[in-house]
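Got your viewer open? Let's take a walk through this model, one selection at a time.

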Amino acid sequence: MSAGAAAPARRERALSEALFRYVLRLADTSLVLGQRLGEWVGHGPALEEDLALANLALDLIGQARLLLTYAGEVEGEGRDEDALAFSRDAPEFLNLTLAEQPNGDFAHTIVRQWLIDCWQLEIYADLAASADERLAAIAAKALKETRYHHRFSSGWLARLGDGTAESRSRTQAALDSLWRFSAELFAADEVDERMAAAGIAAPLAPAAERWRIRAAADLQAATLALPAPQPYPWHGKRGVHTEHLGHLLGEMQHLQRAYPGVRW
Amino acid sequence: MSAAAESSALEQQVWRLLADVPDPEIPVVSIVDLGIVRYVRRDEAGRLHVGITPTYSGCPATAVIRSATRAALDAAGYADALLEEVLAPAWSSDWVTPAGRARLAAFGIAPPQADPVRCPRCGSAATERVSEFGSTPCKAHYRCTQCREPFDRFKCI
């Protein structure tokens with residue numbers, strides 16, 4: 001191959017590697033959050049909320065399956081959705097650090113859900129117009145589901161925040177404790193920049209601004225105080241996680257690790 | 001019969017066949033009633049293509065629907081038909097057909113339409129939402145304050 005042909009090929013390979021990582025970030029965030037919500041099944045504060053959290057989990061895991069399948073195709077090494085979900089170790093997971101945080105009480109679960117719902121609303125809305133047709137189709141579908149999720153989480157945020165003294169103090173405490181992970185949502189790195197340059201994803205700054213406006217409005221409706229911005233020390237998107245992810249994967253991957261390749 | 005008319009007759013036949021494939025969760029409606037079958041067409045080489053779309057990304061019925069559709073095609077002699085999964089445009093509850101809406105209502109599930117939500121049992125508009133989520137991804141939980149019965153509503157999405 002001539003030197004002239006090698007450079008475009010190298011660029012294309014770099015773009016496909018960045019796309020693989022980008023899709024994995026979206027997929028892993030949905031998968032890990034879905035797994036966390038699944039932990040509520042049988043433990044919800046009321047039957048209706050138990051069902052609601054299970055429904056959110058189902059949608060999220062469905063989105064993760066579509067995204068993981070695509071990631072495997074982009075990578076081109078024969079890994080399918082199951083191989084990617086059940087055979088990677090924690091440092092290979094690229095989910096937002098927020099998604100892996102433990103359920104805590106119902107207020108923690110609602111605040112975590114609401115923060116990620118608001119993030120997905122912006123990310124999926126932009127991706128629905130992506131130059132990548134496959135991602136655009138997945139995002140357009142996921143966006144409809146996410147609007148439904150946000151109605152649930154913002155509704156509970158208002159009910160809890162503007163509720164009793166107990167529900168209010170617990171929800172404010174959840175917000176204050178989880179807010180430090182929110183800086184990661186829109187912290188752009190070289191993967192995001194490459195995606196934006198290729199027209200696959202939109203630049204993150206405008207989405208971050210829309211996210212801030214929506215979050216402030218929802219918090220105002222919930223009569224909760226917006227926490228102060230905090231420095232950005234979290235790197236789940238780069239595979240550096242809190243200790244909680246390993247425990248989650250230990251449970252989620254148990255069967256495939258104990259009996260590799262086992263099928264129903 | 002011309003080639004075009006023959007193609008169209010074949011497509012009609014396959015649509016009728018798929019109208020007998022029930023939804024695994026709500027068996028009173030078919031996959032055609034729910035708007036899951038997106039197209040049936042014959043390409044220039046004579047190959048039959050059938051497009052189906054998932055309702056919700058995580059709906060567990062999707063895999064069952066795919067295999068039931070495949071089985072119905074195979075049993076009717078269309079083993080070489082290509083079954084294709086279509087993601088775009090995303091499925092909408094607007095695609096549930098008028099016949100499907102009537103069947104849902106007769107079964108006791110309020111069909112997906114704008115407010116007011118009417119009780120499928122007594123027809124009253126005096127209803128309230130219990131939960132935005134229900135026993136399957138496509139349903140929400142309501143109750144009638146007139147006849148006091150709980151019921152499912154097909155979610156609008």
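Start by selecting A:Trp119: leaving out residues up to four places away in sequence, A:Trp119 touches A:Leu26, A:Thr29, A:Leu96, A:Leu185, A:Phe186 and A:Trp211 (contact means heavy atoms within 4.5 Å). Before going on, note that this is a predicted model, where local features need pLDDT of at least 70, side-chain atom pairs count only at pLDDT 80 or more, and totals for chains, interfaces and linings use all residues. Residues are numbered from 1 along each chain as its sequence is written, chains are lettered from A and ligands numbered from 1 in the order written, and side-chain values use heavy atoms, without hydrogens and water.

Now add A:Tyr22, A:Leu135 and A:Phe186: together with A:Trp119, they touch the most other members of the largest nonpolar core, which has 88 residues. (Such a core is a set of buried Ala, Val, Leu, Ile, Met, Phe, Trp, Tyr and Cys residues joined through side-chain atoms within 4.5 Å; buried means under 20% relative accessible area, exposed over 50%, with a 1.4 Å probe and protein chains only.) Color helix 4 (residues 106-127) of chain A, which gives the most to this core, with 13 residues. Apart from that core lies another one of 30 residues, including B:Tyr56 and B:Leu73.

Next stop: helix 9 (residues 244-252) of chain A. (Helices are DSSP runs of H or I, at least four residues, and strands are runs of E, at least two, numbered from the N terminus.) Which residues of helix 9 of chain A are buried? Select A:Leu245, A:Leu248, A:Leu249 and A:Met252. Look down the axis of helix 9 of chain A: its buried residues fall within an arc of 95 degrees, so they line one face (the arc is that of the directions from the helix axis to the C-beta atoms). On the face turned away, find the exposed A:His247 and A:Glu251.

Finish on chain B, with its three helices and seven strands.
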